[in-house]
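User: I'd like to learn how to read a structure like this one feature by feature. Can you walk me through it, general idea before the case at hand?
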Amino acid sequence: MKAFYAQEQKRHDPKAFLSSGAAQPNPEKPERVERLLGGAKSAGCTIERPRDHGLGPVSAVHTPEYLDFLEHIFERWQRIEGASAEVIPNIHPIARNGSYPASAVGQAGYHMADTACPISGETWQSALWSAWSAVEAAETVTAGAPSAYALCRPPGHHAFADVAGGFCFINNSAVAAQVLRRQAARVAILDVDLHHGNGTQGIFYARPDVLTVSLHADPVRFYPFFWGHADERGEGPGLGYNFNLPLPRKSADVAFLEALEVAFQRIRSFSPDALVVALGLDAFEGDPFGGLSVTTPGFSRIGEAIAGLGLPAVIVQEGGYLCDELGDNLTAFLTGFGGKAR
Ligand SMILES: [Zn+2]
């Protein structure tokens, strides 16, 4: 399987992160890239650099004012006397029906959902190349490959059309789905990350052409709290095209695979032409977030099960944080997937 990654994706190096109000080192570290590259190579992937795809595929799912914000906010932030080294919001609108703020501080609050997505001078280029890896993988599948892997870092599934959040800036899975839509009439996104793919859900919430399905730790007491509940089913023409499967905390392989079967029924009923797998590896039992208890062999079974759908698939990296098994878990997933795929 071809894998896509560009070195620029490693430059983003966020320092800060507030967890339950306490300052912690940001877990979305550049070192994740080395582990994931190693894991992809062990699964037999060849690593290729994506091309520069410009803003077209990104602006297909994000608003122009948001992309302008991402590109320029760090430079503007530097002109504020006494401001933090990284862009971190400290005020948010309680609803988004007021005026669009003109100031850097106001726009940071408007476009950033939380404190987990600090923006530095490297963030824009890293996020853009991460998205281009997703574009290249999607174009590879559109050209006839049965599957391709995009080593997307920074990750993307918590990014809405105009809001960053949870380590995410550009929604790589949504970008990949939209690229697939050039030829595929219907695309399904299956998100197996520990956390609900709230940004992806938000982007496609009113659309019937992209089915969004997410398995994740129950958000009743877990990030992203406000989204990921079973009663969120889509709206307008998209009603019935969003499907959430929240799992009890510490659910392990058997429960995860059972939920996956339920997800597959919905995906089969939709009869998509192509699939995006939003592959978080943080459902792992040893992941620092500790939300679910999937094992390394479990990821192999998950990969094998998803490949059993028999759909052309773009596998997009989402979460999965530093632990000894991070690379092994990617190898397990890709090997399981590849063993079953055509
Ligand atoms: Zn996650």
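Analyst: Sure. Let's begin with a cut-off: a residue counts as buried when its relative accessible area is under 20%, and as exposed when that area is over 50%. Keep in mind that this is a predicted model.

User: Okay, let's start with the metal. Which residues are the protein donors of the zinc ion?

Analyst: Asp193 and Asp282 each donate through OD, and His195 through ND1, at 2.0 to 2.2 Å from the zinc ion. Along the chain the donors follow the spacing D-x1-H-x86-D. His195 and Asp282 link distant parts of the chain, being 87 residues apart. His195 is in the loop between strand S6 and helix H7, while Asp282 is in the loop between strand S9 and helix H9.

User: Is His195 buried or exposed?

Analyst: Try the cut-off. His195 has 5% relative accessibility, so it counts as buried. Asp282 has a relative accessible area of 0%, so it is buried too.

User: Next, helix packing. What describes two packed helices?

Analyst: You want the angle between their axes and the distance between the axes. Here, take H5 (residues 123–142) and H6 (residues 172–180): their axes come within 8 Å and cross at roughly 35 degrees. The crossing of H5 past H6 is right-handed. On the H5 side the contact includes Ala127, Ala131, Ala134 and Ala138, and on the H6 side Val175, Ala176 and Val179 are among the residues involved. By type, the residues of this contact are ten nonpolar, three polar and one charged.

User: And how do I read a nonpolar core?

Analyst: The general idea is that in soluble globular proteins, nonpolar side chains tend to be buried together. In this model the largest nonpolar core has 52 residues, and Leu190, Ile306 and Phe333 have the most contacts inside it. Helix H8 (residues 253–270) gives the most to this core, with eight residues. To see it on screen, centre on Ile306, which touches Leu190, Leu260, Phe264 and Phe333, among others. Apart from that core lies another of 49 residues, including Tyr66, Ile73, Phe204 and Val316.

User: What about the backbone? What's the usual expectation?

Analyst: Most residues other than glycine have a negative phi, and most peptide bonds are trans. Now look at the exceptions here. The bond from Arg153 to Pro154 is cis, with omega near 0 degrees, and Pro154 sits in the loop between strand S5 and H6. Tyr223 and Pro224 are also joined by a cis peptide bond, where omega is about 10 degrees. Pro224 is in the loop between strand S7 and strand S8.

User: Does anything touch Pro224, and which residues have a positive phi?

Analyst: Asn198 of helix H7 touches Pro224, along with His157, His158, Phe160 and Trp227. Asn198 is at 2% relative accessibility, so it counts as buried. As for phi, Ser20 has a value near 50 degrees and Ser271 one near 55 degrees. Ser20 is in the loop between strand S2 and strand S3, and Ser271 is in the loop between H8 and S9.

User: How exposed are those two serines?

Analyst: Back to the cut-offs: Ser20 counts as exposed because its relative accessibility is 82%. Ser271, with a relative accessible area of 40%, is partly exposed. For contrast, look at Ser120, in the loop between helix H4 and H5: its relative accessible area is 15%, so it is buried. Ser120 touches His12 and Phe74, leaving aside residues up to four places away in sequence.

Conventions: Residues numbered from 1 in each chain as written. Predicted model: local features only at pLDDT ≥ 70, side-chain atom pairs only at ≥ 80, totals over all residues. Heavy atoms only, no water. Donors = N, O, S within 2.8 Å, 3.2 Å for Na, K, Ca; no water. Helix = DSSP H or I, 4+ residues; strand = E, 2+ residues; numbered from the N terminus. Buried < 20%, exposed > 50% of the residue type's maximum accessible area, 1.4 Å probe, protein only. Axes fitted to C-alpha atoms, helices over the stretch in contact; angles between N-to-C directions. Left-handed = near helix turned anticlockwise from the far one by under 90°. Contact = heavy atoms within 4.5 Å. Nonpolar A, V, L, I, M, F, W, Y, C, P; charged D, E, K, R; others polar. Core = buried A, V, L, I, M, F, W, Y, C linked by side-chain atoms within 4.5 Å.
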